[in-house]
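I opened the notebook today to record what I looked up, going from the whole chain down to single residues.

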Amino acid sequence: MDDIRFCGQPLTPGQLRLVVDLAKRFGALSRNELAHTVCELLDWRRPNGRLKSIECRALLEQLHEGGLIRLPGLKAGRPKGAATAVASAPESGTIAEPLSQLQPIVLERVTTPESRELWRSLVAQHHYLGHRVPFGAHLRYLIRSQPRAQVLGCLQFSSPAWRMSARDQWIGWDDTTRAQHLQSIIANSRFLILPGVTVKNLASHVLSASLRTVAADWEQAYGIRPLLAETLVDPARYTGHCYLAANWIDVGYTSGRGRQDQYHQRHGASPKRVFLYPLLPDARQRLRNPP
């Protein structure tokens, strides 16, 4: 196909490769979910910040008709990405024991209706960004103390930001290389230790342990072994100490313009600290090399 355009602008080779790769890797997503995911990663938005999902779906169907991608059949159901009503979270109580008395700390994958409802209610009530149904690739976990089956917090990992200068400079990316390797990054888009849980070193312990579990789960779920994890920390609210204690790398700040991301980067327009964690010793080199 020649002269492929989106909203009147020609697609760059890097953008087209990313769209084709997403359609191939995430073929189980509905057409709407895939369109939302593409828009988020490429930051295709209207002036009011909303995703250009309708136009993107039309582009995907054009590529499908042209044989460049294969789209799934139509799916019925409620669109994702909208805020959802959730029940009030149960009281977590106070937990202040030493970390050693709560071991082993386990990550319980959120897969059942009951665990999804609990995760949503806890995040909606206690996380300052609240809860939204995410688009595309994501994994969620409840953080539990196995001996007592107590829930201590929540985690979510999801698709990365399309462009983030501090991260891209640390890796050594240009636009073409970013498009080739972006799906090898996962974003820690929610991290919550419940308010009543005051256990020293718990947050950094969970962050360290979670990455081993999530990397394996992500590969099993999506067929991609992630090489790097990223997260954003609002310095007006948090110091990011738990990430530093877990050996994440502080690589600088975002530009401060904000992406108005609908599920994991809607942090306003103030600069955020960018933390990265290589999941393999040579992750940076792999992310620079041709696929």
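Before counting anything I fixed the term: a residue is buried when its relative accessible area is under 20%. The model I am reading is a predicted one.

**Whole protein.** I found that 51% of the 291 residues of the protein count as buried. I then looked up the exposed surface, which comes to about 13800 Å², with carbon and sulfur atoms supplying 49% of it. For secondary structure I noted 10 helices and nine strands. Turning to contacts in the protein with a separation of 6 or more, I noted that 72% of them are accounted for by residues 24 or more positions apart.

**Arginine 178.** I located arginine 178 in helix H7, which spans residues 175–181. Is arginine 178 buried or exposed? Its relative accessible area is 3%, and because the cut-off for buried is under 20%, I entered arginine 178 as buried. Setting aside residues up to four places away in sequence, I listed what arginine 178 touches, namely Trp162, Arg163, Arg167, Asp168 and Trp173.

**Glycine 252.** I next went to strand S8, residues 249–253, where glycine 252 is found. Which residues is glycine 252 in contact with, once its neighbours within four places in sequence are left aside? I wrote down Ala166, Lys272, Arg273 and Val274. I also looked up the spacing between glycine 252 and tryptophan 170, which are 82 residues apart in sequence, while their C-alpha atoms are 9.5 Å apart in space.

Note on methods: Residues numbered from 1 in each chain as written. Predicted model: local features only at pLDDT ≥ 70, side-chain atom pairs only at ≥ 80, totals over all residues. Heavy atoms only, no water. Helix = DSSP H or I, 4+ residues; strand = E, 2+ residues; numbered from the N terminus. Buried < 20%, exposed > 50% of the residue type's maximum accessible area, 1.4 Å probe, protein only. Contact = heavy atoms within 4.5 Å. Areas by Shrake-Rupley, 256 points an atom, 1.4 Å probe, with all protein chains shown as cover.
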